[in-house]
Amino acid sequence: MRDGSLIPRFGRARRDPSKAVLEGLHPVKHALRFGAEIEELVTPDRAALLALAQRLAPDVAAQLGERAREVEPELFERLAPLPPSTGAIALAARPALDAAAVLASDAAAPVVLLEDPRDLGNIGACVRVAAAADAAGVLTTGGHDPWHPDALRGSAGLHFALPVARLRDPGALAAGPRPLLALDPEGAEQLRPGSLPPRSVLAFGTERHGLSAELLGAAQARLSIPMRPGVSSLNLATSVAAVMFAWRLSGGA
């Protein structure tokens, strides 16, 4: 493959639902740790990248060294809207995932549901905290692809650590075996340690719009996060982190 063909290849991958574009060493590092199939990995300075990997990710440095190939800096700069300063951009195969299978899984951990999230970086941050807390998966509704390169950048590649998929049929929530719990600032019941069923679906809305009336109506309970008076809301990823670690630290994992 001629190096010049990398530009259209990476461009097509950004629109390909079977591909993942990984921008930076940290997304590549996590993708390798969690078994991603790396199809292409390029860098403008292979020696510098390998030295950085030895310092920050020695467990995958050998794998990275096997895959990385050096390209001209001018070409590297054209492979992403904001070329990563860590000098690595990769293409990986996106795992084939079914949202209904995530809901039906036997994993004794909650599934995080993000209803119509608007910010790609925030989607990635939610995936990152969900992976850290060992959630059973992250599902999204709405128009954004949760595997968009900006979301992958926000998650540092931790999409590969747990199932992440778009839920196209919200009716699957009612049909599934997991109870649906809505995180709602006006919820009558406050989140307490040990109050979350391990196999629940935890639904989060956007900071501005909250959850839809349809989802609130379908929820079996509405929970609020206890906060200081006068503080009206939390950032979406912060809310996910607070709830997931309340579950984890209460013995949920």
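Which residues of β8 are buried on one side, and which on the other? In this predicted model, L180 and A182 point to one side of the strand and L181 and L183 to the other, and all of them are buried, which leaves both faces of β8 covered. The paragraphs below begin with the confidence of the prediction and then return to β8 by way of its sheet.

The protein chain has a mean pLDDT of 92, and 98% of its residues reach 70 or more. Confidence is highest in strand β4 (residues 89-93), with a mean of 98, and lowest in helix α9 (residues 171-175), where the mean is 79.

Strand β8 belongs to an open sheet of seven strands, arranged in the order β7-β6-β5-β10-β8-β11-β9 with parallel pairing. At the edges stand β7 (164-166) and β9 (189-190), each of which pairs on one side only. In general, the strands of a sheet pair through backbone hydrogen bonds, in either a parallel or an antiparallel sense.

Within this order, β10 can be followed to its partners. Strand β5 (residues 111-114) runs parallel to β10 (residues 201-204), and four bridges join them. L113 has A203 as its bridge partner in β10. Three bridges link β10 to β8, again in a parallel arrangement, and here L181 stands opposite L202 of β10. β8 also pairs in the parallel sense with strand β11 (residues 221-224), over three bridges; the bridge partner of A182 in β11 is R222.

L183 offers a closer view of strand β8 (residues 180-183), in which it is found. Because its relative accessible area is 10%, under the 20% cut-off, L183 counts as buried. Apart from neighbours within four places in sequence, L183 is in contact with L202, A203, F204, L211, L223, I225 and V243. The contacts of L183 thus include L202 and A203, residues already met in the bridges of β10. L183 also shows how sequence and space can be compared: G210 is 27 residues away from L183 along the chain, and the C-alpha atoms of the two are 8.9 Å apart.

A helix lies across another part of the sheet. Helix α7 (residues 120-132) crosses β5, β6 (137-140) and β7, and runs at about 170° to β5.

Helix α2 (residues 25-33) gives a second example of burial. Seven of its nine residues are buried, and the helix is mostly covered. The buried residues are L25, P27, V28, K29, H30, A31 and L32. They pack against several elements, namely β1 (19-23), β2 (38-43), α3 (46-56), α4 (61-67), β4 and α8 (149-155). Among these partners is β4, the strand in which confidence is highest. After α2 comes G35, whose phi is positive, near 80°.

One of the partners of α2, strand β1, also takes part in enclosing a cavity. The count comes to one cavity of 30 Å³ or more, and the space within the largest cavity is about 30 Å³. Its lining consists of A13, R14, K19, A20, V21, R94, D145, W147 and P149. β1 gives the most to this lining, with three residues.

Key. Residues numbered from 1 in each chain as written. Predicted model: local features only at pLDDT ≥ 70, side-chain atom pairs only at ≥ 80, totals over all residues. Heavy atoms only, no water. Pairing = 2+ DSSP bridges. Helix = DSSP H or I, 4+ residues; strand = E, 2+ residues; numbered from the N terminus. Contact = heavy atoms within 4.5 Å. Axes fitted to C-alpha atoms, helices over the stretch in contact; angles between N-to-C directions. pLDDT = per-residue confidence, 0-100. Buried < 20%, exposed > 50% of the residue type's maximum accessible area, 1.4 Å probe, protein only. 1 Å grid on protein atoms, 1.4 Å probe; cavity = no way out; pocket = protein on both sides within 12 Å on 5 of 7 lines; lining within 4 Å. Points joined across faces, edges and corners; volume = space filled by probe spheres on them.
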